[in-house]
Amino acid sequence: KSAYKVGRADAQRTRCLAGAQGGSSCVATGVWKGLWKLRCPSKIKHFMWRLIHDSHPLRCNLIRRGMKIDTRCLVCNQMSEDGGHLFF
């Protein structure tokens, strides 16, 4: 059991150093526990989890998943619609 934990920790550390994107492996476990323990509606927790993992159905993510659509934002019609542009 302890060897498995050591191997898993090493694999997570390697992924973080290699530049893994959007994975929970690079975020401290305490952050996830804190997120799920928040006293707010579950839909807010789920939204935050999806935001951190970049899994909202935004135009840039849909393109990455193989859809052939225009990535320009529907509001400003200038920038590519991604999480940073849309939510912030």
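# Notebook: contacts and confidence in a predicted model

I began with His85: outside its neighbours within four places in sequence, His85 is in contact with Cys73, Cys76, Met79 and Ser80. The model I am reading is a predicted one. I placed His85 in helix H5. For its C-alpha distance to Cys73 I noted 8.5 Å, with the two positions 12 residues apart in sequence. Is His85 buried or exposed? Neither label fits: at 23% relative accessibility His85 counts as partly exposed, because buried means under 20% and exposed over 50%.

**Confidence**

I looked up the confidence before reading further. The chain has a mean pLDDT of 77, and 83% of its residues reach 70 or more. Which element has the lowest mean pLDDT? I found helix H1 (residues 2-17) there, with a mean of 73. Helix H3 (residues 42-52) has the highest mean, 87. I keep one caution in the margin: where pLDDT is low, the predicted coordinates should not be read in detail.

**Whole chain**

I listed the secondary structure next. The chain has five helices and zero strands, and along the sequence its pattern reads α-α-α-α-α. How much of the chain is buried? Of the 88 residues, 16% are buried. I also took down the surface: the chain exposes about 6900 Å², and carbon and sulfur atoms supply 59% of that area. For contacts between residues at least 6 apart in sequence, I noted that 19% join residues at least 24 apart.

**Lys45**

I went to helix H3 for Lys45. Lys45 is a lysine that counts as buried, because its relative accessible area is 13% and the cut-off for buried is under 20%. What does its side chain reach? A polar atom of the Lys45 side chain lies 3.1 Å from the backbone oxygen of Leu38. Leaving out residues up to four places away in sequence, I found Lys45 touching Leu35, Trp36, Leu38 and Cys40. Leu38 thus appears in my notes both as a polar partner of Lys45 and in its contact list.

**Leu58**

I then moved to the loop between H3 and H4, where Leu58 sits. Leu58 is buried, with a relative accessible area of 7%. Which residues does Leu58 touch, beyond those up to four places away in sequence? I wrote down Glu81, Asp82, Gly83, Leu86 and Phe87. I also checked Leu58 against Ser80: the two are 22 residues apart along the chain, and their C-alpha atoms are separated by 9.8 Å. Ser80 had already come up as a contact of His85.

**Arg59, Asp70 and Arg72**

I found Arg59 in helix H4 (residues 59-64). Its side chain reaches the backbone oxygen of Asp70 at 2.8 Å. Not counting residues up to four places away in sequence, Arg59 touches Ile69, Asp70, Thr71, Arg72, Leu74 and Glu81. Glu81 is also among the residues that Leu58 touches.

How many salt bridges does the whole structure hold? My search gave one. Arg72 and Asp70 meet in a salt bridge through their side chains, N to O at 3.0 Å. Side chains of opposite charge can pair when their charged atoms come close. I checked the exposure of both partners: Arg72 is partly exposed at 39% relative accessible area, and Asp70 is partly exposed at 40%. Asp70 therefore has two entries here, one for its backbone oxygen with Arg59 and one for its side chain with Arg72, and its area of 40% makes it partly exposed.

**Asn77**

I looked at the backbone of Asn77, which lies in the loop between H4 and helix H5 (83-87). Its phi is near 55 degrees, a positive value in a residue other than glycine. Most residues other than glycine have a negative phi. Asn77 is partly exposed, with a relative accessible area of 46%.

**Cysteines**

How many disulfides are there? With sulfur atoms of a pair required to be within 2.5 Å, I counted zero disulfides. I looked up the exposure of two cysteines, Cys40 and Cys60. Cys40 is partly exposed, with a relative accessible area of 27%, and Cys60 is partly exposed at 22%. Cys40 is also one of the residues that Lys45 touches.

Notes:
Residues numbered from 1 in each chain as written. Predicted model: local features only at pLDDT ≥ 70, side-chain atom pairs only at ≥ 80, totals over all residues. Heavy atoms only, no water. pLDDT = per-residue confidence, 0-100. Helix = DSSP H or I, 4+ residues; strand = E, 2+ residues; numbered from the N terminus. Polar contact = N/O pair within 3.5 Å; in protein donor to acceptor, adjacent residues only side chain to side chain. Contact = heavy atoms within 4.5 Å. Salt bridge = Lys/Arg side-chain N within 4 Å of Asp/Glu carboxyl O. Buried < 20%, exposed > 50% of the residue type's maximum accessible area, 1.4 Å probe, protein only. Areas by Shrake-Rupley, 256 points an atom, 1.4 Å probe, with all protein chains shown as cover.
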